[in-house]
Structures are given as structure tokens and as C-alpha cells.
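Reader: Before I look at any contact list, I would like to learn how one reads the burial of a strand and the packing around it. Could you take me through it step by step?

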Amino acid sequence: MSSMCLYEAQDPDTTDPEYIRITEIIDRLKPKGILIERATCDANPNIVRLMSRHGEKILPAVVVNDFVMITGRYPTDEEVKQILHVSDHLIERKTHCCSCCIPGYECDE
């Protein structure tokens with residue numbers, strides 16, 4: 001399995017819909033043992049070098065197995081599925097099944 005790390009600015013915009021989307025994906029994958037690490041931009045020499053050339057516009061950046069794959073944006077759902085080799089149902093947002101709101105019932109995984 002691939003190892004993915006997201007390098008972000010020191011203070012990312014946590015209200016950005018893309019930040020929220022990727023956070024939700026990370027939260028769904030973590031209980032399954034699939035980790036997407038998050039780190040600040042100064043934690044990787046390759047990212048530091050790119051930032052010295054191109055500035056903060058390269059953030060967020062996605063590094064997979066120590067190779068910079070994406071810069072300037074978060075990965076799409078499809079890219080996460082391909083990089084981490086996970087199925088659609090682990091990435092896609094679930095809609096409520098209605099029974100999850102009834103005490104004693106939970107949504108199917």
C-alpha cells in the first residue's frame with residue numbers, strides 16, 4: 001500500500017470546503033487502518049525546496065512514497081482511491097439511511 005502525506009501551510013484554512021472534504025476522508029479511512037498523514041510544509045526538504053522556488057502556491061502538496069505527486073490542491077476522491085488502492089465505499093460520502101437517526105439503529109458500513 002502507498003504512503004500518502006499532505007503537506008499544508010502552518011495555518012490552513014479549515015473552513016475551505018476542500019480542507020473539510022479531505023478531513024472527512026481521512027476520518028473515514030483511519031478506523032480501517034489506512035492513514036493519510038498531515039504535516040506542515042517545513043517537514044519535507046522537497047516541499048521546502050519547491051516553496052523556495054514557487055512560494056506557498058504549491059500548498060497543499062501531496063507526497064506519495066517520498067515522491068511529490070500533486071501541488072497546489074488537495075487530491076480528488078478518485079486520486080485518493082487510486083493512490084491508496086481503496087474501494088469507492090471507503091471514500092464516498094454516505095447519505096443517511098434514515099434508520100441511523102432512530103435510537104438502537106446504525107447506518108450500514
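Author: Let us start with the two faces of strand 1 in this predicted model: Met4, Leu6 and Glu8 lie on one side, Cys5 and Tyr7 lie on the other, and all of them are buried. Both faces are therefore covered, where buried means under 20% relative accessible area.

Reader: With which strands does strand 1 pair, and in which sense?

Author: Strand 1 pairs with strand 2 (residues 36-40) in the parallel sense, over five bridges, and with strand 3 in the antiparallel sense, over four bridges. Cys5 illustrates both pairings, since this residue stands opposite Glu37 in strand 2 and has Val63 as its bridge partner in strand 3.

Reader: What unit do strand 1, helix 1 and strand 2 make?

Author: Together, strand 1, helix 1 and strand 2 form a β-α-β unit, and that unit is right-handed.

Reader: How should I read the nonpolar side chains?

Author: In soluble globular proteins, nonpolar side chains tend to be buried together. Here the largest nonpolar core has 19 residues, and Met4, Leu29, Ile36, Val80 and Leu84 have the most contacts inside it. At least two residues of this core come from each of strand 1 (4-8), helix 1 (17-29), strand 3 (61-64), helix 3 (77-84) and helix 4 (88-91), with helix 1 giving the largest share, five residues.

Reader: Which residues does Ile36 contact, leaving aside its neighbours within four places in sequence?

Author: With those neighbours set aside, Ile36 is in contact with Met4, Leu6, Ile25, Ile26, Leu29, Val80 and Leu84. A second, separate core has ten residues, among them Tyr7, Ile47, Met51 and Val63.

Note on methods: Residues are numbered from 1 along each chain as its sequence is written. This is a predicted model: local features need pLDDT of at least 70, side-chain atom pairs count only at pLDDT 80 or more; totals for chains, interfaces and linings use all residues. Side-chain values use heavy atoms; hydrogens and water are left out. A nonpolar core is a set of buried Ala, Val, Leu, Ile, Met, Phe, Trp, Tyr and Cys residues joined through side-chain atoms within 4.5 Å. Buried means under 20% relative accessible area, exposed over 50%, partly exposed in between (1.4 Å probe, protein chains only). Contact means heavy atoms within 4.5 Å. Two strands pair if DSSP finds at least two bridges between them. A crossover is right-handed if, with the strands pointing away from the viewer, the path from the first strand over the helix to the second runs clockwise.
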